[in-house]
Amino acid sequence: MRTIHLLALAAIAALLLPTLCCTDYADYYGPGGEGLDYDSGNGPYDDSDSSGSLRGEVNPLGPENTVVRAMAADEKYLFIGTDSGELLFSALVADPPKWTSLGSVPEAVSALAISPRDSELLIALDRTSDTLIYRFDDSHGLIPSDDGIVDGGPVLQIGVESGNDDMFVLTPRALYVSADNGVTWERRLHVADVGCADFYKMAIHPLLPQSIFIIGLCDDRPTVLRTLNGGRLFNSIELPAPAGEEAWCLAASTDDPLLLVAGGRRGVWSSSDLGSSWSIERSSAQWALNFDASYSRHNGKPLFVGLEAVHYRLLLLMGNQAGTAWQDKIVDGYTGGNDVLCPSTQLSKSCFVGTEGSGVVSLMP
């Protein structure tokens, strides 16, 4: 387990009671509400803390004509799940990649994860009843594994905690935890417990054990739910946004234990105090964002990487290590992205994007 500086721990202890912040509608959209001009392909970017600009170099990895819905990676391999339920893998550093089939599940894949206990692949299905989660065992193939998930799906996300055997599953209505490698699941949070309509995304903190963040729509406002004890107690913090606005994704820094970023249809927010307060870092009144965030490194420094959907084009969104400066890059030839993954492995220096019909592309920030 990574040791965190005592000053950081002291700061975290002081943040258990959230400080809500707010902003008015004009401030949210920026001066005049014009937003950003995405047709230029580059938004404002000021990365004063790192050297050089972000290249955003993109390379197709295949398989062709494939809708990639979810991805996961271990130390050697990249795994993908498709809209037809097919499961494929390739070596992280293969050039060109050689995709090998693991078999198929009955429905489209909605999420993938690697078990921290035995490195087995966990597969979630995009359906609302019957078996929602399978495990892939080298000896026995696909094994049903979702006892205890009673609120239905689809499963939005499977999360694992570094250095801990606990696994977490998020559905639009509940958060579940498994302490036995995904064999059984216990519900830890339901939307009715916190006055939410839907959950969208969770971030399991890579530095702080038992710290989980969920973003959802609660009381008609985008809200972050935070637990520092593995889901036994949550508090909620509203994002500074108009009523009815939505925020869909969340990521925690692997470098700064207090830094989080969130993204949604009209903006990107950041928090420098473990989610107790948030500020809008980038806003647009012109284009709908479908932002998903992961984490990589650029020139030895942290970097946030995400996706935007702009008029059926793929637009990559990259932010500096503070989450306060962002650059976008439209990638021609792709109609959109579904997932972004930046593996924390020494073999891969790239992030991977699962596209809507063109397989996987690698992103070298």
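Which residue in S13 is the bridge partner of Val177? It's Glu186. Keep in mind as we go that this is a predicted model.

That bridge is a handy way into the sheet around it. Strand S12 covers residues 174-178, and S12 pairs with S13 in the antiparallel sense over four bridges. Step back a little and you'll find four strands forming an open sheet, in the order S10-S11-S12-S13, with antiparallel pairing. At the edges sit strand S10 (157-160) and strand S13 (186-190), each of which pairs on one side only. Going from one strand to the next, the twist averages 25°.

Let's stay with this sheet and pick out Val169, which is found in strand S11 (residues 167-170). Its relative accessible area is 0%, so Val169 is buried. What does Val169 touch, once residues up to four places away in sequence are set aside? The list is Ile133, Ile149, Val155, Gln157, Ile158, Ala174, Leu175, Tyr176, Trp185 and Met202. You can also look across to Ala124: Val169 and Ala124 are 45 residues apart along the chain, and their C-alpha atoms are separated by 9.2 Å.

Now for the disulfide. A search of the whole structure turns up one, and it joins Cys196 to Cys218, with an S to S distance of 1.9 Å. The pair links distant parts of the chain: Cys196 belongs to strand S14 (residues 196-204) and Cys218 to strand S15 (residues 212-218), with the two cysteines 22 residues apart. Is this disulfide right-handed or left-handed? The torsion about the S-S bond of Cys196 and Cys218 is about 80°, so the answer is right-handed. Both Cys196 and Cys218 are buried. Another cysteine to look at is Cys249, which counts as buried because its relative accessibility is 1%, and the cut-off for buried is under 20%.

S15 comes up again when we turn to the nonpolar cores. In soluble globular proteins, nonpolar side chains tend to be buried together. Here the largest nonpolar core has 18 residues, and the ones with the most contacts inside it are Ile215, Val224, Leu239, Leu250, Ala262, Trp269 and Trp278. Which elements give two or more residues to this core? They are S15, strand S18 (247-252) and strand S19 (260-264). S18 gives the most, with three residues. There's also a second, separate core of 15 residues, and its members include Leu170, Val191, Phe199 and Ile214.

Next, have a look at the aromatic rings. The structure holds three aromatic pairs. One of them is Tyr77 with Phe89: the ring centres are 5.5 Å apart and the planes stand at 90°, so this pair is edge-to-face. Tyr77 and Phe89 are 12 residues apart and link distant parts of the chain, with Tyr77 in strand S3 (residues 77-82) and Phe89 in strand S4 (residues 86-91). Phe89 also forms a pair with Phe79, this time tilted, at 5.9 Å centre to centre and 35° between the planes. Phe79 lies in strand S3 and Phe89 in strand S4, so this pair ties together parts that are 10 residues apart in sequence. Taken together, ring pairs link Tyr77, Phe79 and Phe89 into a cluster. Is Phe79 buried or exposed? With a relative accessible area of 10%, Phe79 is buried. Tyr77, on the other hand, counts as partly exposed because its relative accessibility is 33%.

The last stop is strand S28 (residues 360-364). It's mostly covered, with four of its five residues buried. S28 has a pairing with strand S1 (residues 57-62), where five bridges join the two and the strands run antiparallel. If you want a landmark in that pairing, find Gly62, which stands opposite Val360 in S28. S28 also pairs in the antiparallel sense with strand S27 (residues 351-355), over four bridges, and here Phe352 has Ser362 in S28 as its bridge partner. S27 and S28 form a hairpin with four residues between them, and in the turn Gly357 has a positive phi of about 115°.

Key:
Residues numbered from 1 in each chain as written. Predicted model: local features only at pLDDT ≥ 70, side-chain atom pairs only at ≥ 80, totals over all residues. Heavy atoms only, no water. Disulfide = S-S within 2.5 Å. Buried < 20%, exposed > 50% of the residue type's maximum accessible area, 1.4 Å probe, protein only. Pairing = 2+ DSSP bridges. Axes fitted to C-alpha atoms, helices over the stretch in contact; angles between N-to-C directions. Phe/Tyr/Trp six-rings, centres within 6.5 Å; stacked < 30°, edge-to-face > 60°. Core = buried A, V, L, I, M, F, W, Y, C linked by side-chain atoms within 4.5 Å. Contact = heavy atoms within 4.5 Å.
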